[in-house]
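Here's a quick walk through a protein model, written for someone who likes to see geometry and contacts side by side. Keep the viewer open while you read.

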Amino acid sequence: MKLDDKFAAKISKTFGKKLRIRICGILIEDDRILLVKHKGLGKNGFLWSPPGGEPQFMESMEDALKREFFEETGLLINVSEFLFVNEHLQSPLHAIELFFKVERKGGKLVRGKEPETDEINIISNIDFLDTKRIREIGIENMHSLFSEIQSLSEIYRLKGLINKAK
């Protein structure tokens, strides 16, 4: 089994074939957005997306987002406002994603890991990317929210359900 296949199989086993709720944070600083690169997702075997994850039972959305952000990026955040909902529907994954605007309050930016994937870390990189770099990497390798905007400032104007499953 190739390494890429191993990541895809682990993602499918851990997160696939069930509806998930994800809480995600949008952190924009100096016209660059913080994104996490996941192996084993997307058309080309990787996908850049905003940090976030699934709340645990009896964990508030705000607490879940703070925990997930820290696990994936090493940053401590404040959650400021709800922005929009996205429906991610790409077999074997189906998630309802709630996006919030966040601000950095501390911590040190480091590549974290997905605790749910045990010995295989599907996070291969984290970085602040500007619009030019996002276009160079390719929209097909980015979270679907980037197909809805031309500039990062437009993210804060997105409202409601932005990506209706077809």
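What follows covers the overall fold, the salt bridges, one exposed lysine and two backbone oddities.

## The overall picture

First things first: this is a predicted model. The chain carries three helices and eight strands, and walking along the sequence you meet them in the order α-β-β-β-β-β-α-β-β-β-α. Of its 166 residues, 48% count as buried.

Contacts tend to reach a long way along the chain. Take the ones between residues at least 6 apart in sequence: 66% of those join residues at least 24 apart. As for the outside, the accessible surface comes to about 8,700 Å², with 52% of that belonging to carbon and sulfur atoms.

## Salt bridges across the chain

How many salt bridges does a search of the whole structure find? The search turns up nine. One of them pairs Glu54 with Arg20, with the closest N and O atoms 3.1 Å apart. This pair ties together distant parts of the chain: Glu54 sits in the loop between strand S5 (52–53) and helix H2 (61–73), while Arg20 belongs to strand S1 (residues 19–26), and the two are 34 residues apart. The partners differ in how they are covered. Arg20 has a relative accessible area of 9%, so it is buried, whereas Glu54, with 28%, is partly exposed.

Strand S1 also supplies Arg22, which forms a salt bridge with Glu97 of strand S7 across 75 residues of sequence. Their closest N and O atoms are 2.8 Å apart. Both Arg22 and Glu97 are buried.

Strand S7 turns up again in the salt bridge between Arg104 and Glu29, where N to O is 2.7 Å. Here the link runs from S7 to strand S2 (residues 28–29), with the partners 75 residues apart. Arg104 counts as partly exposed because its relative accessibility is 35%, and Glu29 gets the label partly exposed because its value is 23%. Salt bridges that share partners also join Glu59, Arg67, Glu68 and Glu71 into one network.

## A lysine out in a loop

Next stop, Lys108. You'll find Lys108 in the loop between strand S7 (93–107) and strand S8 (123–129). Is Lys108 buried or exposed? Its relative accessibility is 63%, so Lys108 counts as exposed.

Even so placed, Lys108 has partners from elsewhere in the sequence. Leaving out residues up to four places away in sequence, Lys108 touches Thr73, Gly74 and Leu75. Take Thr73: Lys108 is 35 residues from it in sequence, and the C-alpha to C-alpha separation is 7.9 Å.

## Two positive phi angles

Now for the backbone. Most residues other than glycine have a negative phi. Against that background, which residue has a phi near 50°? That is Asp30, a residue other than glycine with a positive value. Asp30 is placed in the loop between S2 and strand S3 (32–39), and it is exposed because its relative accessibility reaches 68%.

The other case is Met58. Its phi is positive too, about 70°, although Met58 is not a glycine. Met58 lies in the loop between S5 and H2. With a relative accessible area of 72%, over the 50% cut-off, Met58 is therefore exposed.

Definitions and conventions:
Residues are numbered from 1 along each chain as its sequence is written. This is a predicted model: local features need pLDDT of at least 70, side-chain atom pairs count only at pLDDT 80 or more; totals for chains, interfaces and linings use all residues. Side-chain values use heavy atoms; hydrogens and water are left out. Helices (H or I, at least four residues) and strands (E, at least two) are DSSP runs, numbered from the N terminus. Buried means under 20% relative accessible area, exposed over 50%, partly exposed in between (1.4 Å probe, protein chains only). Contact means heavy atoms within 4.5 Å. Accessible areas come from the Shrake-Rupley method with a 1.4 Å probe; for residues, only the protein chains shown count as cover. A salt bridge is a side-chain nitrogen of Lys or Arg within 4 Å of a carboxyl oxygen of Asp or Glu.
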